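These are my notebook entries on a single protein chain. I set down each point in the order in which I looked it up.

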Amino acid sequence: LVEEADSRLLLFFHPLSGCDSTASFFGHGEGRVMGSWASFPERGDLAACFRQLSWQPAMETVSRCLPLIGGFVCFFCGSSSVSELGRLRLDGFLTVTADGLRELPPTAGGLGLHVLRACCRAGWVWGGALSRDDC
């Protein structure tokens, strides 16, 4: 059974990992991302960020959580030592064939826009629909 606090963080997790209105990370489906979640070293801090981003998030919250989300993206993209997207992209770019370029992780700017789309979906659409204050 999922606790209510954990169910709140799923509002953000789902669009971040890819849903019908946001893109997924190439080659990393929701199941793989969820599997990485269980072993992510900073899972508690990330869960707190996801909960905050699931309910009408402010830009300060997005800015504060973005480095941690970037580290999580690096982690589920297979890096246990690199927590900076730019470095992970460079390492991947130097070793990948032309066919594998789409498997590179997103740029920091691309991830920022993806997080904003996920915040819009989770925090303003779904989170707002669950508000008890509007009843």
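In which helix does Gly123 lie? I looked it up in the model, which is a predicted one, and found Gly123 in helix 6, residues 108-129.

Entry on Gly123. I checked the accessibility of this residue next. Gly123 has a relative accessible area of 0%, so I recorded it as buried. I then looked for a residue remote in sequence and noted Gln56, which stands 67 residues from Gly123 along the chain. The C-alpha atoms of Gly123 and Gln56 are 4.5 Å apart in space.

Entry on Arg117. I stayed with helix 6, where Arg117 is also found. Is Arg117 buried or partly exposed? Its relative accessible area is 45%, and I therefore entered Arg117 as partly exposed, the class that lies between the 20% and 50% limits. I also took down a pair for this residue: Arg117 and Pro15 are 102 residues apart in sequence, with a C-alpha to C-alpha distance of 8.0 Å.

Entry on the overall make-up. I counted six helices and zero strands in the protein. Read from the N terminus, the order of elements is α-α-α-α-α-α. The protein has 135 residues, and I noted that 40% of them are buried.

Entry on helix 3 and helix 4. I took the angle and the distance between the axes, because two packed helices are described by these. Helix 3 covers residues 43-53 and helix 4 covers residues 59-76. Their axes are 10 Å apart and meet at an angle of about 135°. I therefore recorded helix 3 as oblique to helix 4, since an angle has to be over 145 degrees to count as roughly antiparallel. I found the crossing of helix 3 and helix 4 to be left-handed.

Entry on Leu104. Where is the place of Leu104? I located Leu104 in the loop between helix 5 and helix 6. Leu104 counts as buried because its relative accessibility is 17%, and the limit for that class is under 20%. From Leu104 I went to Cys77, 27 residues away along the chain, and read a C-alpha separation of 8.5 Å.

Entry on the surface. Which residues form a nonpolar patch on the surface? I listed Leu90, Phe93, Leu94 and Leu101, with about 400 Å² of accessible area together. I singled out Phe93, which lies in helix 5, residues 85-95. The relative accessibility of Phe93 is 48%, so I noted this residue as partly exposed.

Technical notes: Residues are numbered from 1 along each chain as its sequence is written. This is a predicted model: local features need pLDDT of at least 70, side-chain atom pairs count only at pLDDT 80 or more; totals for chains, interfaces and linings use all residues. Side-chain values use heavy atoms; hydrogens and water are left out. Patches are made of residues with over 30% relative accessible area and no salt bridge: like charges are joined within 9 Å, nonpolar side chains (Val, Leu, Ile, Met, Phe, Trp, Tyr) within 5 Å. Accessible areas come from the Shrake-Rupley method with a 1.4 Å probe; for residues, only the protein chains shown count as cover. A salt bridge is a side-chain nitrogen of Lys or Arg within 4 Å of a carboxyl oxygen of Asp or Glu. Helices (H or I, at least four residues) and strands (E, at least two) are DSSP runs, numbered from the N terminus. Buried means under 20% relative accessible area, exposed over 50%, partly exposed in between (1.4 Å probe, protein chains only). Axes are lines fitted to C-alpha atoms, for helices over the stretch in contact, and angles run from 0 to 180 degrees between N-to-C directions. Angles under 35 degrees count as roughly parallel, over 145 as roughly antiparallel, 65 to 115 as roughly perpendicular and the rest as oblique. A crossing is left-handed if the near helix is turned anticlockwise from the far one by less than a right angle, and right-handed if clockwise.
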